[in-house]
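Welcome! Here are some short exercises to work through with the structure open beside you. Try each task before reading its solution.

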Amino acid sequence: MTATLDTEDPPTLGEGTSLRPGVNDLVTDPTSAGSGGAPVEVFGIRHHGPGSARSLLAALEAYGPDVVLIEGPADADSLIPWVTAEGTEPPVALLAYAPEEPRVAAFWPYAVFSPEWQAMRWALERGVEVAFCDLPAAQVLAPRPATLLDEEEPEHEADPDAAVFAAGDPRPGAGVDLGPGGQVPPGAGSGGLSPEERARWLAAHARLASRDPLAALASAAGYDDPERWWDDVVELRHHGGPARPASPFPALTEAMAELRLLALAPRDREADRERRREAYMRQTIRAARKRGRQRVAVVCGAWHAPALTWPLPPAVADARVLRGTPKRKVALTWVPWTHQRLATATGYGAGVTSPGWYHHLWTAPDQPVVRWLAAVAHALRDRDLPVSSAHVIEAVRLAETLAALRNRPMAGLAEVTEATRAVLCEGDDLAVRFVTDRLVVGQALGSVAPGVPTVPLDADLQRQSRTLRLRREPQVRTHDLDLRTSIDQARSRLFHRLRLLDLAWVVPGESTVVSQGTFREVWESQWQPEYAIALVEAAVWGTTVESAAAARVAAVSREGSLQELTGAVERCLLADLPDALAELLRTLEAKAALDADVVHLMDALPALARAERYGDVRGTDTSVLRSVAQVLVLRICAGLTLAVVGAGEDDAAAMRLRIDGVSAAVGLLEARADDAGGLDLRARWLATCRATADRADLHGLLGGRLVRLLADAEELDDVPLRFGRALSHGVPAARKAAWVEGFFADGATLLIHDAELRGLLDGWVAGLADEEFADVLPLVRRTFGTFSAAERRALGGRLAHPPEPVPPGPHAGAVGPPEGAEEDLPALRTVDLLLGWRR
């Protein structure tokens, strides 16, 4: 996304009783807000602060406005009534996007504890007019022409907080140690700070105020952690304090006004955007007054509050700032959001560090510490960790004791986290990390009412999801599908269609159950808020999931390569798009006839073979695929020899994988030879492999691999001879190692059970000179690294303890098999091999 609400804003303050807990000289009575009949009251809040939300509700009740103006995109007013609609559950976000370029988008997130969300609900439930007052999304998302201000922006943006106090920085305010909490260091110099040092210290605070006003106020109060200061003076003031705590808004507005005077005002694009935002807010207030509204409540970030207080400056200057502001066409809607995306750790500039904790403070105002630690214990028990009621009692005592020692009004997140680590998790940081992810940040996913305006594609996906009992969840959920049932077949079709549209809500997963059947599929789903943008982007292909997927396939058939076409054939077949498949096959057949590159043909064949096989379980006619696959196999056989000779090491490694893929594809096609039209694809492929393997100019890796494929197909009776010839004297050591790698890669079964091959390999390794051994060791180790641990143990056991010769079995001395038992010979040979009678 290119824009997000307040991601570039100075972090705003919501409310605070004073700069330091216990100092109440700046606090006013809650009934004083609007008690003098002021026509405009500005309530400066902190986004996503439950303490701000509670104070705001009390202030709104006391003021009794006839219109509530809320910081947010002014062109989203029509969406406000959906806040109280059945089915809308925060966290949710306003989404604005440009229809012609959906990735140009912005989100305005709200949680249940967000002051703006509670202000909207308060106004709707009481029939009070409510509207947004910030810059419209049409202006936020509009491209801004380059100006001279942009030339100064990199210098300002490259000035991070960490560099403000860097030693040796020549700028004003740099190079001064502010001491703990940003205070003037005691005893700095004789008699304190010199005038020059004090000037630099004040300049440093100015920079801090312009970057992070919350940190500046915390620093003035002696706190080194802005979040802890905010919790003490705002979030926890409703717990354990007076029944009706005083309103913090006048004090916060006054503090912000001082900080705005102190803060630097850089001339860059961001500063220009802030000026336009505040000008638009003032114009919206004036418009409300002109409509006859007598008591206007403005809910905005505390940083903007001083700029919006009544009386307002003349409107001429604001009109001049807004004149010529570019616009673009946008669409707006509500979309689900998550607590995780409200966290500052995700890069959201107006976020909070602990959305889950703040949600708990809002929903559990009575005994929040006890309820929180009980929830932590429940979550740990779900992970099979032993946590008893006694653990919870001791954790509560520890948290409350820590809060008392630190002179805090109530145990905050720091205290309950330390109690969790010490008592409930017994010092296990991994368990504490689980609690942080699961509860402190939280994994809640909101929902929007079914009738909320959205793109038709999203509406169709929601309808199908309800029919197929699929939920959008923030946690990873595994779907193990049995394609023999109708509902799982429908789910599979939907999932494959979503993959065609590049919607990553559902992706293929790994099964913990070993199965060779084609009737099982495993998928994993996890919903992320940005998928709403992906749905908007995919909506250009169609109004339903099926039509959009078919249109996307048609686009691939017009522009895709041969490999992309065969991959699309497989996915189109699995997605059950017969009309799109027919057109795709015609295009594939034409392009395959014109493509003379054997590499392209080899890359394309495996997907086509899988599609031809897997169509059976869905009842789809795939006979048309066989003719295309036959052509590909025949053309690969005709051009394989020329494609592999002279290959270098990297090309040989890639070609080995292609040869394996073609061999597996031919096996799949041959398994259904009833429709082969008289062509023995397997025989043609093996004949090509044999002719190619006998070439002297073939790379050792490919030579070994082709011999292995022929040996597995029982097409060679001289494998030991070929093996010994490849490892004979006169062959370079690197070529020997490559041949061994090609022959034994991805499986040691043959080496374990064939004593003759094992002896040849053992003799070759034992006979290597020291220099040769050092050269081939990495190659041989790479080959054996492909063996499983069980295969390596079995091979080591065979080498350490060769099996003793076993007396021949009762049938070993017979001239031939018993009369009429020729069909039993393969089974008897296998039994001899397993029992060690034949090695």
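## Exercise 1: A pair of strands

Strand 3 (residues 92–98) and strand 4 form an antiparallel pair with seven bridges. Two strands count as paired if DSSP finds at least two bridges between them. Strands (E, at least two residues) and helices (H or I, at least four) are DSSP runs, numbered from the N terminus.

Before you start, note that this is a predicted model, in which local features need pLDDT of at least 70 and side-chain atom pairs count only at pLDDT 80 or more, while totals for chains, interfaces and linings use all residues. Residues are numbered from 1 along each chain as its sequence is written, and side-chain values use heavy atoms, leaving out hydrogens and water.

**Task.** Find what joins strand 3 to strand 4, and which residue stands opposite Leu95.

**Solution.**
1. Follow the chain out of strand 3: a hairpin of two residues leads into strand 4.
2. Look across from Leu95, and you meet Phe107 in strand 4.
3. Now check the surroundings of strand 4 (residues 101–110): eight of its 10 residues are buried (under 20% relative accessible area, with a 1.4 Å probe and protein chains only), so the strand is largely enclosed by the rest of the structure.

## Exercise 2: Two faces of a strand

**Task.** Work out which residues of strand 1 (residues 40–45) point one way and which the other.

**Solution.**
1. Begin with the general pattern: side chains in a regular strand alternate between the two faces of the sheet.
2. On strand 1, Val40, Val42 and Gly44 point one way, while Glu41, Phe43 and Ile45 point the other way.
3. Six of the six residues are buried, so strand 1 is largely enclosed by the rest of the structure.
4. For its pairing, turn to strand 6 (residues 296–301), which runs parallel to strand 1 over six bridges. Phe43 has Val299 of strand 6 as its bridge partner.

## Exercise 3: A loop residue

**Task.** Is Ser354 buried or exposed?

**Solution.**
1. Locate Ser354 in the loop between strand 7 (331–336) and helix 12 (355–363).
2. Its relative accessibility is 3%, so Ser354 counts as buried.
3. Leaving aside residues up to four places away in sequence, Ser354 touches Leu413 and Val440; contact means heavy atoms within 4.5 Å.

## Exercise 4: Meeting helices

**Task.** Which residues of helix 20 (residues 545–559) meet helix 21 (residues 562–574)?

**Solution.**
1. From helix 20, pick out Val553, Val556 and Ser557.
2. Their counterparts in helix 21 are Glu564, Leu565, Ala568 and Cys572.

Terms used:
Buried < 20%, exposed > 50% of the residue type's maximum accessible area, 1.4 Å probe, protein only.
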